[in-house]
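Dear colleague,

I am passing on the structure we spoke about, with the sequence alongside. Please look through it first, and then read my notes below with the model open.

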Amino acid sequence: MSKVLASLRYSAEHEWVDASTPTKVGISQVAADALGDVVYVDLPEVGDSVTAGETCGEVESTKSVSDLYAPVTGTIVEVNQEAIDNPAILNEDPYGAGWLFTVEVTEEGPLLSAADYASANGGDVA
């Protein structure tokens, strides 16, 4: 079963956010496992504005292409070039080296606790 980290909060669209400032964003292991082998990631650029609940990129796997939704509103501060260069890292380490971007947050979207996310989507809270 997919791991859901207790220290993170999650969007209904399977993105996670941490408590740092700026806020780091990635996709959950539940999403990475459902996608299969990730082969391409399209991320917003540094300086771009993102709006909670709206698309801001996409993740492509051998199975499908999925939109990436911003879990928060704000300005992109950093993009994980390693995830762009080696998209498989999203499968290998979605909560660590596979983070996607950081945001200077002005407003949060609706976020779930790890327990609520795991209950709705499966997964073990760790």
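What follows is an account of two sheets and one helix. Please keep in mind throughout that this is a predicted model.

I begin with the sheet of six strands, which is open and has the order β2-β3-β4-β10-β9-β6, with its strands pairing in the antiparallel sense. Its edges are formed by β2, at residues 9-10, and β6, at residues 49-50, each of which pairs on one side only. At the β6 edge, two bridges connect this strand to β9, which spans residues 72-79, and the two are antiparallel. If you would like to find this contact between strands on screen, look for Ser49, whose bridge partner in β9 is Thr75.

The other sheet is also open, and three strands make it up in the order β5-β7-β8, again with antiparallel pairing. Here the edge strands are β5, covering residues 38-42, and β8, and each of them has a pairing partner on one side only. On average, and ignoring direction, neighbouring strands in this sheet are turned by 25 degrees against each other.

Within this sheet, the pair formed by β7 (residues 55-61) and β8 (residues 65-69) can be followed in some detail, since the antiparallel strands are held in register by named partners: five bridges join them, Thr55 stands opposite Tyr69 of β8, and Gly57 has Leu68 as its bridge partner in β8. The chain passes from β7 to β8 by way of a hairpin through three residues.

Turning to the helix, which residues of α4 are buried? In this helix, which runs over residues 114-121, they are Ala114, Tyr117 and Ala118. These residues lie on the same side of α4, because the arc they cover around the axis is only 95 degrees. The face turned away from that buried side carries Ser119 and Ala120, which are exposed.

As for what lies over the buried residues of α4, the elements that cover them include β1 (3-4), β2, α1 (29-35) and β11 (124-125). You will recognise β2 from above as one of the edge strands of the sheet of six strands, so that strand is a convenient place to move from one part of my notes to the other. Finally, just after α4, the backbone at Gly122 adopts a positive phi of about 85 degrees.

With best wishes

Terms used
Residues numbered from 1 in each chain as written. Predicted model: local features only at pLDDT ≥ 70, side-chain atom pairs only at ≥ 80, totals over all residues. Heavy atoms only, no water. Pairing = 2+ DSSP bridges. Helix = DSSP H or I, 4+ residues; strand = E, 2+ residues; numbered from the N terminus. Axes fitted to C-alpha atoms, helices over the stretch in contact; angles between N-to-C directions. Buried < 20%, exposed > 50% of the residue type's maximum accessible area, 1.4 Å probe, protein only. Arc of directions from axis to C-beta. Contact = heavy atoms within 4.5 Å.
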